[in-house]
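Biologist: Could you walk me through this model before I go back to the bench? I would like to take it topic by topic.

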Amino acid sequence: MRRGDTPLLKQQSSPCLGKTMPRQFQKVTLSEAEEETQLQAERVYATALKEEDNKDALSMFTVPEDCPIVLQQAKEHELLKELAEQQSEQRTKRKKSLKMIRSQSMSLQMPGTTDWTPFLSPSSSSLCSSVAETCPDYQRVTISGDYCAGITVEDYEQAAKSLLKALLIREKYSRLAYHRFCRTTAQFLRSAENTGWSEDDEVLPDMCPCSTEGEDPYSMENIPENLTYQLKMKDGVVFVYDSIEDVVGNQPHDLPYPDLETFAVDLHHVLQMIADGPTKTYCHRRLNFLYSKFYLHEMLNEMAELKELKGVPHRDFYNVRKVDTHIHAAACMSQKHLLTFIKKTYKTEADRVVLEKAGQKMTLQEVFHGLNMDPYDLSVDSLDVHAGRQTFHRFDKFNSKYNPVGASELREIFLKTDNLLNGEYFARIIKEVAHDLEESKYQHAEPRLSIYGRSPDEWDSLAKWFIQHKMHSLNMRWIIQVPRIYDIFKSKKLMPNFAKMLENIFLPLFESTVHPQDHKELHVFLKYVSGFDSVDDESKHSDHMFSFRSPKPQEWTGDDNPPYSYYLFHMYANIMVLNNLRKERGLSTFQFRPHCGEAGSITHLVSAFLTADNISHGLNLKKSPVLQYLYYLAQVPIAMSPLSNNSLFLEYSKNPLKEFLHKGLCVSLSTDDPMQFHYTKEPLMEEYAIAAQLWKLSTCDVCEIARNSVLQSGLSHQDKKHFLGANYLKDGPEGNDIRRTNVAQIRMAYRHETLCNELSFLVDAVKSETVNYILG
């Protein structure tokens with residue numbers, strides 16, 4: 001061990017963990033060593049920004065990622081380090097210590113006794129309950145003697161320590177915001193800290209269950225009483241106070257209030273880690289091993305998995321639950337559906353006043369006459385809402401596809417909630433989509449509706465639209481998307497600073513939580529909202545380098561748009577405080593599920609690793625082995641949309657979904673924008689069918705993806721128990737009800753044992769380091 005190093009077990013454990021978790025956001029102060037780390041992380045950030053500014057748009061996927069010369073130099077460097085290590089007596093002792101710990105772990109990995117617990121290190125073998133009764137017999141792939149994946153002991157221990165610290169950081173942010181954190185990973189983290197884990201310590205989101213038959217989903221009875229709490233935004237985060245006196249005395253209510261400086265320090269730790277050579281080497285090797293291991297598992301057990309599925313009565317791929325976890329409401333219908341609706345509406349309501357333009361009200365007929373077209377002559381081609389070759393790497397052209405026949409007037413009439421018709425046509429189209437989902441029974445969707453932050457009245461307007469048009473559906477949950485367009489508002493002089501935009505977005509939510517009697521419609525609407533999304537073109541470049549020295553939101557008065565990480569932190573911070581307040585009141589909580597990793601800098605994925613419950617797209621994980629491995633270890637859900645990516649950023653054949661699935665990342669399939677990318681009446685099934693055909697996915701593969709979609713969705717705990725099984729919160733085969741999911745128990749056992757094995761490598765490295773530290 002290097003002088004000055006302290007083993008992970010000797011360090012103070014992560015705050016806010018355990019049953020007696022203090023509801024506070026622990027602030028940090030920088031030591032001299034940590035300041036050096038911050039400077040190094042800022043250099044990594046600056047490099048990422050420079051690369052993003054200079055690189056060719058297609059370079060990421062058209063140029064091979066591995067340079068042969070660099071690989072040869074790296075191999076020679078590793079060989080020299082290995083030879084030096086063999087000549088070191090101290091390192092020889094540490095190597096023997098590691099081998100001893102790994103051999104003990106391996107002895108626990110071989111099933112043969114009734115109390116077998118898969119792939120746990122000796123110190124952590126008591127964490128998980130026995131799964132012998134539910135664990136199927138299949139051909140396992142194990143490797144003995146591979147204590148550190150072919151790298152030196154010192155690098156192995158350094159990589160393990162960094163990875164565990166990053167997982168602890170994500171766990172802290174997840175628990176504080178009532179986001180999910182993988183149970184198996186949490187158990188191993190407690191083992192690394194030599195503390196116990198229990199189900200009582202687990203923190204989960206709290207979603208409102210769907211209304212039962214005969215119950216009015218829009219009922220405004222039994223709404224909680226108003227509180228006397230006071231609200232005030234400070235540094236871009238809403239603070240809650242018990243009374244006016246507490247506002248004056250700056251004594252906020254007992255809730256966690258994050259600060260920008262602490263987040264920047266945590267963010268920069270992970271940033272610095274993804275550029276660390278030994279950690280990159282270790283993660284790259286482990287990911288290659290995971291991919292190869294699944295290939296062997298599939299070769300040995302494919303027929304056994306299929307035999308399991310054939311033995312399940314009634315259930316098959318068509319009647320397992322699937323959730324479209326990433327779909328935008330303004331494009332949730334197919335292009336043919338929209339065309340049919342426009343023609344049908346014109347036929348029956350041509351004389352209805354639908355638009356006010358330049359102070360003059362216009363009927364639907366007058367609108368079409370002004371566009372010099374007859375709806376009868378419209379076709380799918382002339383409607384021109386489908387994305388194609390011309391939208392590839394052209395997000396501006398893609399956005400224009402939301403305008404039927406290129407006319408913003410038709411978008412205003414048919415695809416908006418706040419227009420002269422109070423969004424009636426838009427509501428009718430979405431209700432037809434919801435009816436199709438209800439008819440299919442097994443498909444669900446989470447459409448995204450926009451809140452822009454122009455005015456605090458947006459929320460009341462949206463809630464009124466939802467209730468007036470009776471938009472509730474048993475097969476739909478709603479997500480609020482917030483476009484990152486502060487720069488547009490600022491250029492039009494609609495905003496004095498970024499803090500005003502945040503206030504317009506979040507203060508009404510706090511008001512409805514504290515004073516629900518004064519905001520009854522919004523209170524009812526929020527019961528069916530499962531989360532928030534941050535959306536816009538990720539490839540748009542920001543010159544500002546996010547750090548703990550970044551200006552506060554009230555100080556952000558320039559015309560430039562804040563960077564992605566800045567947006568994510570302030571959205572997460574307000575959602576965290578809001579969730580804790582709503583939990584205190586017995587109300588539902590919200591997930592943070594941003595678009596991330598579709599394009600742009602790799603730093604976006606670092607920000608989301610800390611703040612997001614799950615993400616949409618995640619393509620850029622392919623660029624960073626460290627981040628990809630972290631997303632695997634933490635089982636961060638990723639909603640991927642290959643057909644969308646094919647028209648915008650990445651050819652279908654190069655999409656990493658199959659690779660991510662085989663390695664064991666928690667991926668699902670989603671449609672994104674059926675109006676732009678799909679042709680059939682069932683776009684989600686179209687997405688699954690194309691993926692299955694192109695990548696030759698098995699029935700077990702697609703059912704595993706479908707199960708992942710339900711897990712990462714905003715459906716309530718009761719719904720998930722019904723769709724996945726009563727024990728769905730448990731990991732491995734014990735948490736899988738094959739009669740409901742149609743996922744083979746063999747597959748679930750493989751996934752669980754493989755994850756446990758990877759986590760045990762990290763814990764064993766830390767245990768070995770501690771033993772050597774104690775023995776001197």
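**Salt bridges and other features**

Modeller: The structure holds 31 salt bridges, and please keep in mind throughout that this is a predicted model.

Biologist: Let's take one of them, then: which residue forms a salt bridge with Glu 432, and how far apart are the closest N and O atoms?

Modeller: The partner of Glu 432 is Lys 344, with 3.3 Å between the closest N and O atoms. The pair links distant parts of the chain, since Glu 432 belongs to helix α15 while Lys 344 belongs to helix α10, residues 335-349, and the two are 88 residues apart.

Biologist: Are those two buried or exposed?

Modeller: Neither word fits: Glu 432 is partly exposed, with a relative accessible area of 26%, and Lys 344 also counts as partly exposed, at 43%.

Biologist: And what about Lys 540, which residue does that one pair with?

Modeller: Lys 540 forms a salt bridge with Asp 536, and the closest N and O atoms are 2.7 Å apart. Here Lys 540 counts as partly exposed at 42% relative accessibility, whereas Asp 536 is buried because its relative accessible area of 16% falls under the 20% cut-off.

Biologist: Which residues are linked in a network of salt bridges?

Modeller: The network is made up of Glu 305, Asp 701, Glu 704, Arg 747 and Arg 751. Within that group, Glu 704 and Arg 747 form a salt bridge whose closest N and O atoms are 2.8 Å apart. Glu 704 lies in helix α27, residues 699-712, and Arg 747 in helix α30, residues 745-775, so this salt bridge ties together parts of the chain that are 43 residues apart in sequence. Both Glu 704 and Arg 747 are buried.

Biologist: Changing topic, I'm curious about helix α18. How many residues does it have, and how far does it reach?

Modeller: Helix α18 covers residues 498-514, which makes 17 residues, and from its first C-alpha to its last it reaches 24 Å, close to the 24 Å expected at 1.5 Å a residue.

Biologist: Where does α18 bend?

Modeller: The bend in α18 is at Asn 504 and amounts to about 35°, with a proline, Pro 508, following within four residues.

Biologist: What caps the N-terminal end of α18, and how many of its residues are buried?

Modeller: The cap is Asn 497, which has a side-chain oxygen 3.2 Å from the backbone nitrogen of Ala 499. The helix is mostly covered, with 14 of its 17 residues buried.

Biologist: On to the strands: what is the order of the open sheet of four strands?

Modeller: The order is β10-β11-β12-β13, and the pairing is parallel. Its edge strands are β10, residues 595-596, and β13, residues 667-669, each of which pairs on one side only. Further in, β11 (residues 615-617) and β12 (residues 638-640) run parallel and are joined by two bridges, and Ser 616 stands opposite Ala 639 in β12.

Biologist: Where does Thr 671 lie, and is it buried or exposed?

Modeller: Thr 671 lies in the loop between β13 and α25, residues 674-677. Thr 671 is buried, because its relative accessible area is 0%. Its side chain is joined to that of Asp 324 by a polar contact of 2.4 Å. Leaving aside its neighbours within four places in sequence, the residues in contact with Thr 671 include His 326, Ile 327, Ser 641, Phe 677 and Glu 687.

Biologist: How do β1 and β2 run, and how many bridges join them?

Modeller: β1 and β2 run antiparallel and are joined by five bridges, one pairing being that of Leu 231 with Val 240 in β2. The two strands form a hairpin with two residues between them, and Asp 235 in the turn has a positive phi of about 55°.

Biologist: Why is a positive phi worth pointing out?

Modeller: Most residues other than glycine have a negative phi. Asp 235 is partly exposed, with a relative accessible area of 32%.

Biologist: What is phi of Asn 422, and where is that residue found?

Modeller: Phi of Asn 422 is near 55°, again a positive value in a residue other than glycine. Asn 422 is found in the loop between α14 (408-414) and α15 (424-440), and is partly exposed, with a relative accessible area of 41%.

Terms used:
Residues numbered from 1 in each chain as written. Predicted model: local features only at pLDDT ≥ 70, side-chain atom pairs only at ≥ 80, totals over all residues. Heavy atoms only, no water. Pairing = 2+ DSSP bridges. Expected span 1.5 Å × (residues − 1). Bend = angle between axes of the 7 residues up to and from the residue. Buried < 20%, exposed > 50% of the residue type's maximum accessible area, 1.4 Å probe, protein only. Polar contact = N/O pair within 3.5 Å; in protein donor to acceptor, adjacent residues only side chain to side chain. Contact = heavy atoms within 4.5 Å. Salt bridge = Lys/Arg side-chain N within 4 Å of Asp/Glu carboxyl O.
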